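Please load the structure in your viewer and keep the selection tool at hand. The tour proceeds by successive selections.

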Amino acid sequence: GSCLESVKIAIDTGYRHIDGAFVYYNEHEVGQAIREKIAEGRIKREDIFYCGKLWNTCHPPELVRPTLEKTLKILQLDYVDLYIIELPMAFKPGDAIYPKDENGKIIYHETDLCATWEAMEACKDAGLAKSIGVSNFNRRQLEMILNKPGLKYKPVSNQVECHPYFTQPKLLEFCRQHDIVIVGYSPLGTSRDETWVNVSSPPLLKDPVLNAIGKKYNKTAAQVALRFSIQRGIVVIPKSFNPQRIRENFQIFDFSLTEKEMKEIEALNKNVRYVELLM
Ligand code: A2P
């Protein structure tokens with residue numbers, strides 16, 4: 001229930017881009033929040049930008065459309081604005097989200113990312129997704145799609161970890177050259193949940209530089225981190241279940257960082273991921 005409430009507060013606050021996924025198991029709540037806000041007359045469907053994700057067990061081309069249709073059924077929406085391949089590796093299809101063998105090792109699955117991409121293109125042609133993109137792709141994986149013979153649609157975006165401690169300068173430059181938008185996940189340095197986060201990297205929001213710059217503008221380290229990313233042309237998707245922080249993370253359009261401050265923050269890059277995706 002907390003997701004339903006948070007999305008409603010976010011929409012009231014002014015957020016329009018909602019980053020979701022089947023594997024977050026809350027698409028029913030997100031869909032309900034959007035539909036309630038439409039019914040209230042606060043927004044129209046076209047004001048919302050919903051991003052859904054194709055999970056690793058659904059890469060075989062024949063599974064792509066049925067998987068998106070399942071997401072749409074859960075959301076009770078007719079289309080998603082963006083549908084992305086969540087990760088560039090495939091797991092064995094089936095009900096297990098993390099299929100494992102008797103030794104606890106993930107069971108991978110041979111698929112051709114280009115064939116998966118063609119099925120994504122078909123979803124766009126069918127009107128089920130307005131745009132299609134990828135996530136966690138490196139340059140070589142992007143090139144594989146971009147160089148695919150008969151490519152119909154380029155990925156519009158690549159969602160990757162991106163924040164002041166992991167600034168992705170090379171990937172950002174490559175994506176800029178190819179008109180691919182970088183969507184930065186964990187823009188605040190994650191929830192530091194040890195089950196999936198590398199907590200040996202220090203907490204981003206405690207950073208002295210971010211806090212000192214924040215003080216100057218009467219902003220928090222979180223607001224400075226988000227502002228830094230948007231000034232670099234990166235789309236940010238901060239997560240919060242807390243109404244006050246949801247609002248705080250939206251108050252980033254009334255100040256701007258100087259070129260010197262941008263450089264100072266860029267210099268914080270440690271080139272270390274919080275989300276290592278070790279599987
Ligand atoms: P909460 O949901 O309790 O607000 P990321 O977006 O990088 O994944 O980070 C999400 C984490 O950061 C969550 O644990 C969230 O906790 C916390 N968080 C979100 N906004 C802020 C903020 N403005 N200041 C401090 N922590 C925040």
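The stops below visit the ligand and then a group of strands, in what is a predicted model.

**The ligand and its shell**

Select the ligand together with its surroundings: 16 residues enclose it, and the closest are Leu188, Ser240, Phe241, Arg245 and Asn249. Coloured by class, this shell shows six nonpolar, seven polar and three charged residues.

Next, display the polar atoms. Which residue places a polar side-chain atom 2.9 Å from a nitrogen atom of the ligand? Selecting glutamate 248 reveals that atom. Two backbone contacts may then be added: a polar backbone atom of lysine 239 is 2.9 Å from an oxygen atom of the ligand, and a polar backbone atom of proline 187 is 3.4 Å from an oxygen atom of the ligand. Switching to a surface view, one finds that the protein covers 80% of the 570 Å² of accessible area that the ligand has on its own.

**Strand β4 and its partners**

Now select strand β4, residues 129-135, in which five of the seven residues are buried.

Add strand β3, residues 80-85, which pairs with β4 in the parallel sense over five bridges. Within this pair, isoleucine 85 stands opposite valine 134 of β4. To follow the chain from β3 to β4, select helix α4, residues 113-125; this β-α-β crossover is right-handed.

Then select strand β5, residues 157-161, which pairs with β4 in the parallel sense over two bridges. Here serine 135 has glutamine 159 in β5 as its bridge partner. Finally, add helix α5, residues 139-146, which forms a right-handed β-α-β unit with β4 and β5.

Definitions and conventions. Residues are numbered from 1 along each chain as its sequence is written. This is a predicted model: local features need pLDDT of at least 70, side-chain atom pairs count only at pLDDT 80 or more; totals for chains, interfaces and linings use all residues. Side-chain values use heavy atoms; hydrogens and water are left out. A residue is near a molecule or strand if one of its heavy atoms lies within 4 Å of it. A polar contact is a pair of N or O atoms within 3.5 Å; within protein, one must be able to donate a hydrogen and the other to accept it, and residues adjacent in sequence count only if both atoms are side-chain atoms. Accessible areas come from the Shrake-Rupley method with a 1.4 Å probe; for residues, only the protein chains shown count as cover. Ala, Val, Leu, Ile, Met, Phe, Trp, Tyr, Cys and Pro count as nonpolar, Asp, Glu, Lys and Arg as charged, and the others, Gly among them, as polar. Buried means under 20% relative accessible area, exposed over 50%, partly exposed in between (1.4 Å probe, protein chains only). Helices (H or I, at least four residues) and strands (E, at least two) are DSSP runs, numbered from the N terminus. Two strands pair if DSSP finds at least two bridges between them. A crossover is right-handed if, with the strands pointing away from the viewer, the path from the first strand over the helix to the second runs clockwise.
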